[in-house]
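Here are a few short exercises to work through with the model open. Try each one yourself before reading the solution.

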Amino acid sequence: MARAIDKQTMLNLIIEAKRTDPETGSFAEWLAEYLAEHLPTLTPPNEWVSVEERIPNFGKLVIATDGTTYGVAWLCSDCTWMVTMGYKSQSWFGRKITHWMPLPAPPDRRPPEGEANE
């Protein structure tokens, strides 16, 4: 499973590599600079994305706002926004959606290691 690496974690790994082995550390530093320049950036969690910068995939649930109102919404293939209203959905036709953000990950409901479900 792929996962994003935190920038500070990456920097700490490079510092440790340079401390223990300068040759490996130099390569790690070069690799980090290359990746930072050539890989796409990830939107940090809980940050709004401008619709002018990028739109979510059609049908993907996100949190969207017009600057005043916000809600759990999705973008239809005809580029209209729909918002959930309990068990119903409603079109946000006429509203200019300006920003959106991914929904947060659901909470981990597993018990901590070594503890059984009660």
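**Exercise 1.** Is Trp30 buried, partly exposed or exposed?

*Solution.* A bit of housekeeping: this is a predicted model, where local features need pLDDT of at least 70, side-chain atom pairs count only at pLDDT 80 or more, and totals for chains, interfaces and linings use all residues. Residues are numbered from 1 along each chain as its sequence is written, and side-chain values use heavy atoms, with hydrogens and water left out.

Step 1: find Trp30 in helix α2, residues 22-38. Step 2: apply the cut-offs, where buried is under 20% relative accessible area, exposed is over 50%, and partly exposed lies in between (1.4 Å probe, protein chains only). Step 3: Trp30 has 48%, so call it partly exposed.

**Exercise 2.** Which residues make up the largest nonpolar core?

*Solution.* Step 1: look for buried Ala, Val, Leu, Ile, Met, Phe, Trp, Tyr and Cys residues joined through side-chain atoms within 4.5 Å. Step 2: you should end up with ten residues, namely Val49, Val62, Ala64, Ala73, Leu75, Trp81, Val83, Trp92, Ile97 and Trp100. Step 3: check the strands (DSSP E runs of at least two residues, numbered from the N terminus); β2 (62-65), β3 (70-75) and β4 (81-85) each supply at least two of these core residues.

**Exercise 3.** Which residue forms a salt bridge with Arg54?

*Solution.* Step 1: search for a side-chain nitrogen of Lys or Arg within 4 Å of a carboxyl oxygen of Asp or Glu. Step 2: Arg54 pairs with Glu53, with the closest N and O atoms 3.9 Å apart. Step 3: Glu53 is exposed at 58%, while Arg54 is partly exposed at 35%.

Terms used. Helix = DSSP H or I, 4+ residues; strand = E, 2+ residues; numbered from the N terminus.
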